[in-house]
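Trainee: I am new to this structure and would like to understand the terms used for its aromatic rings. Could we go through them one at a time?

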Amino acid sequence: MMNAKELKKAIEDNVKVLYRKTIDEASKEQVFYALSYAIKDTIIDEWINTHKAYDEQDAKILYYLSMEFLIGRALGNNIINLGARKEVAQVLEELGFDLTDIEDQESDPALGNGGLGRLAACFLDSLATLNYPAYGCGIRYHYGMFKQKIENGYQKEVPDDWIKNGYPFEIKRSEYSYIVKFGGNVRVENVNGKEKFVQENYGSVKAIPYDMPVLGYENGMVNSLRIWDAEAITNFSLEQFDKGDYQKALEQENLAKTLVEVLYPNDNHYAGKELRLKQQYFFISASLQRALDKFKSTHSDIHMLPEKVVFQLNDTHPTVAIPELMRLLLDEEGLNWDEAWDITSRCMAYTNHTIMSEALEKWPIDLFKSLLPRVYQIVEEINRRFVMQIRDRYPNNAAEKEKKMAILYDGQVRMAYMAIIAGFSVNGVAKLHTQILEHQELKDFYEMMPEKFNNKTNGITQRRFLVHANPLLTDWITKKLGSDKFITDLPQLSGLKQYLNDDKSLEEFMEIKYQNKLRLVKYIKEHNGIDVDPNSIFDVQVKRLHEYKRQLLNILHVMYLYNKLKNDDNFDMYPRTFIFGAKAAAGYRRAKQTIKLINSVADVINNDKSINGKIKVVFIEDYKVSNAEIIFAAADVSEQISTASKEASGTGNMKFMLNGAPTLGTMDGANVEIVEEVGRDNAFIFGLSSDEVIAYENNGGYDPMTIFNSDTEIRTVLMQLVNGFYSPNNTEEFREIYDSLLKKQGNDRADVYFILKDFRSYAKAHDEVEKAYKDKKRWAKMALTQTANAGKFSSDRTIEEYVRDIWHLTKLRLDNAK
């Protein structure tokens, strides 16, 4: 890192060059860009040195293939990982600026949404910090998923134009551009007695990579997040235009544009499905072409590829990498099938992130075949050979096994099955999740190839979700432990256990929580216009909005508490602030209705002075990494209430835990392992077990109408959905939610996610929260227990397990490491 004097001059010079202004005339946004470019200049030297070491040490390289990377703002994290936060803050102060204010000028890169994308970003951080060579490969979305606006309580999706002013932490690498082909037909030629497959009459785009630096923590290591943008090969066809075919003239330009506009286009129609499959193939084909070229630049024998390259498929989205690598090896490298399959099956590993079978990606065969004709031929052959294996292995039950395991079946291409068949490793992301995969959803594959299956419990990076998000707590921990080694060795937090019975330390810990609550109070006032009591219990549920995550259970319980306050003179409660943050997919009607319900309930409760502020309801608009950091640090209670057996892992639960918030949740996903670490007395567990849920799903026996008929308080809450209590202008506003809980919907039974079944247990758990919170010393010990036992949940631990069991990478030695 440049010294303070050099940094100061670089900022002033950048302001002058970029804006023709002096530093005194510059805005905060202009100082952000000036500082960012100065920091990037520092990073580039380390970046070059790292990638030089890739080649000099003949490193085995990981390519982490993911549709999304929810990286968050980069400036603050880069400064921390450079070990320069105090120096940068001091320089900015001398120039008349505050570092936090400057960081706030950065837009969150709109490259991901939810836990899947954030996990990928945490993994890249840990790989660099642990000195492992890796590329993250994805798409340079111009607008991301969307920017969420709340208007009259409804979610409105607007474009998130995060790169409109340029993004300082990226470098365009036009020299690594590749052509990606779609559609057309495949012609077979005979060349020297061998079949050669030629794709023709196709449309194509040029894939252009942009590299973003991923810094290790104070070790000189800089890996790359490589995100692909698309450009038309010929922007405009004058010949077609002159013929009057105006649409054809712009076809390539439009294809390139739509490929990189949005993350997860709405796929409840054919055009949306087609675009999503194009996106997946686009970044996969470009990434694999580049990986092979990089490999061949230093190695002459393509058969060595598995020794030097591993591709990790982050969920089913990148699974097309399997037939695409086969295509490249067969058609471009001239290998025979057995050679290509041997290489492919030793290069590919698959992480499953979902238990629900309907979320395991499937494509209509007609769409897949027309869009990727040569790739589809290869998928057919992979499937044909695997079906032969099934018939040999299960001669008396082949038809049933094919139905459950074949890649091509019932008019669909089943991508997760292809990932399992072709990959050498299949991992779940929490112990319970992996057990359910092995014994329920993927049982047939586990029985046939158990050696492939393993568990890698997720983790989070403490560099962002503690050091950056909670500097007060970071400084306190450093003081208490006498060292900041926990920043790269999180299990050292266990040293805080010695303070669990120290009253002064407990008071200090809770004072930090209070200061973080004040920060969130200010944010809520500025963004929501709601006055929140920092002494109330901050009960928080922030995550992607999906029915199985049960935000609906949470808000129904808020309605229940409100009714008791209004109708039961003997009822009192400790003040609570219920904080929600979530985006619903644009085409997910019921999820969007739940957002409307939350906001409608908030409008009624927050404006009812008769309850004396006992309940406040806040919906954080446009939930993302930058506001998440503020929320995690301030939370008292971590709501992790998914239907047991449905959440693969969760990582929000770990972020809350790290920041001292006890879990209120089901025994689902990584909650199980969190409870193992902190003890059941330091969590609030409720609801059906995963075995009970699965038994009901398989055998029936649950009728929510019996609860509706027998429990008057629950019935009152449900009736308020349809009697206009929260929607006086439209009594039918929440009819669909009401019906989903009590009536069979198509093939879905009533109350699919057991909201009413778990309601009373959930309410009882909330009573226990209040009882514990009123005992200040007990609560402080519970809160500190969370942080002291969070060591297991570092993504550093997760990465070391991947390296040991799957990737077999070797750490790089860097001569510029600190």
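Mentor: Let us begin with exposure: a residue is buried under 20% relative accessible area, exposed over 50%, and partly exposed in between. Please keep in mind that this is a predicted model.

Trainee: Why is Y696 called partly exposed?

Mentor: The relative accessible area of Y696 is 22%, and partly exposed is the term for values between the limits of 20% and 50%, so Y696 counts as partly exposed.

Trainee: What makes F754 buried?

Mentor: F754 has a relative accessibility of 0%, and the term buried applies under 20%, so F754 is buried.

Trainee: Why is the pair of Y696 and F754 called tilted?

Mentor: Their ring centres lie 5.9 Å apart, with the planes at 35°; rings pair if their centres are within 6.5 Å, and planes that are neither under 30 degrees apart nor over 60 count as tilted, so this pair is tilted. The pair links distant parts of the chain, since Y696 belongs to helix 28 and F754 to the loop between helix 31 and helix 32, 58 residues apart.

Trainee: How do you know that F386 and F445 are stacked?

Mentor: Their centres are 6.4 Å apart and their planes 15° apart, and because planes under 30 degrees apart count as stacked, the pair of F386 and F445 is stacked. F386 lies in helix 15 and F445 in helix 19, 59 residues apart, and both are buried.

Key: Residues numbered from 1 in each chain as written. Predicted model: local features only at pLDDT ≥ 70, side-chain atom pairs only at ≥ 80, totals over all residues. Heavy atoms only, no water. Phe/Tyr/Trp six-rings, centres within 6.5 Å; stacked < 30°, edge-to-face > 60°. Helix = DSSP H or I, 4+ residues; strand = E, 2+ residues; numbered from the N terminus. Buried < 20%, exposed > 50% of the residue type's maximum accessible area, 1.4 Å probe, protein only.
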